[in-house]
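Please walk through this model from its overall make-up down to single residues. Keep the sequence and the 3D view side by side.

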Amino acid sequence: GNQRNPSSTIIIMVAEDHGVAERREDVLDVAFELSQVLDTGLDRETLSILIALCENGVNPEALALVVKELKRESQDFRAQEYVS
């Protein structure tokens with residue numbers, strides 16, 4: 001007597017996924033605001049990727065070092081282009 005039909009199960013799964021998506025968007029909103037305040041230079045898409053990497057087990061400190069190094073190399077590259 002307490003079984004759901006398949007379509008109601010799908011509706012519940014979609015509703016749960018929507019709730020997760022909303023929470024993820026809220027987290028991204030807050031993280032993006034913080035990154036703006038801290039003047040990180042990260043756009044929303046990049047920040048979203050970095051958060052996803054951390055959620056999937058990438059060490060946040062190691063990731064921060066990689067991002068800093070990439071920014072430094074990008075600035076060096078731009079400086080070389082400007083001189084050339």
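The paragraphs below go from the whole chain to its core, then to a helix pair, and then to chosen residues.

This is a predicted model. Start with the chain as a whole. It has three helices and zero strands. Read from the N terminus, the order of elements is α-α-α. The chain has 84 residues, and 11% of them count as buried. Its exposed surface comes to about 7200 Å². Carbon and sulfur atoms supply 58% of that area.

Now look inside. Which residues form the largest nonpolar core? There are seven: L28, A31, L42, L47, L50, L63 and V67. Three elements each give two or more residues to this core. They are α1, spanning 6-37, α2, spanning 44-55, and α3, spanning 60-83.

Take L28 from that set. Beyond residues up to four places away in sequence, L28 touches R44, L47, S48 and I51. Of these partners, L47 is itself listed in the core.

Next comes a helix pair. Two packed helices are described by the angle between their axes and the distance between those axes. For α2 and α3, the angle is about 150° and the axes lie 10 Å apart. The crossing of these two helices is right-handed. On the α2 side, the contact is made by L50, L53 and C54. On the α3 side, P60, L63 and V67 make it. What classes of residue meet here? The contact has six nonpolar residues, no polar ones and no charged ones. Three of the names should look familiar: L50, L63 and V67 also belong to the largest nonpolar core.

Two residues of α1 are left to visit. S35 is found in this helix, and so is E33. Is S35 buried or exposed? Its relative accessible area is 5%. The cut-off for buried is under 20%, so S35 counts as buried. Leaving aside neighbours within four places in sequence, S35 is in contact with T40, L42 and L47. Both L42 and L47 are core residues.

E33 gives the opposite reading. Its relative accessibility is 54%. Exposed means over 50%, so E33 counts as exposed. How far is E33 from R44? In sequence they are 11 residues apart. In space, their C-alpha atoms are 9.6 Å apart. R44 has come up before, as one of the residues that L28 touches.

Methods:
Residues are numbered from 1 along each chain as its sequence is written. This is a predicted model: local features need pLDDT of at least 70, side-chain atom pairs count only at pLDDT 80 or more; totals for chains, interfaces and linings use all residues. Side-chain values use heavy atoms; hydrogens and water are left out. A nonpolar core is a set of buried Ala, Val, Leu, Ile, Met, Phe, Trp, Tyr and Cys residues joined through side-chain atoms within 4.5 Å. Buried means under 20% relative accessible area, exposed over 50%, partly exposed in between (1.4 Å probe, protein chains only). Helices (H or I, at least four residues) and strands (E, at least two) are DSSP runs, numbered from the N terminus. Contact means heavy atoms within 4.5 Å. Axes are lines fitted to C-alpha atoms, for helices over the stretch in contact, and angles run from 0 to 180 degrees between N-to-C directions. A crossing is left-handed if the near helix is turned anticlockwise from the far one by less than a right angle, and right-handed if clockwise. Ala, Val, Leu, Ile, Met, Phe, Trp, Tyr, Cys and Pro count as nonpolar, Asp, Glu, Lys and Arg as charged, and the others, Gly among them, as polar. Accessible areas come from the Shrake-Rupley method with a 1.4 Å probe; for residues, only the protein chains shown count as cover.
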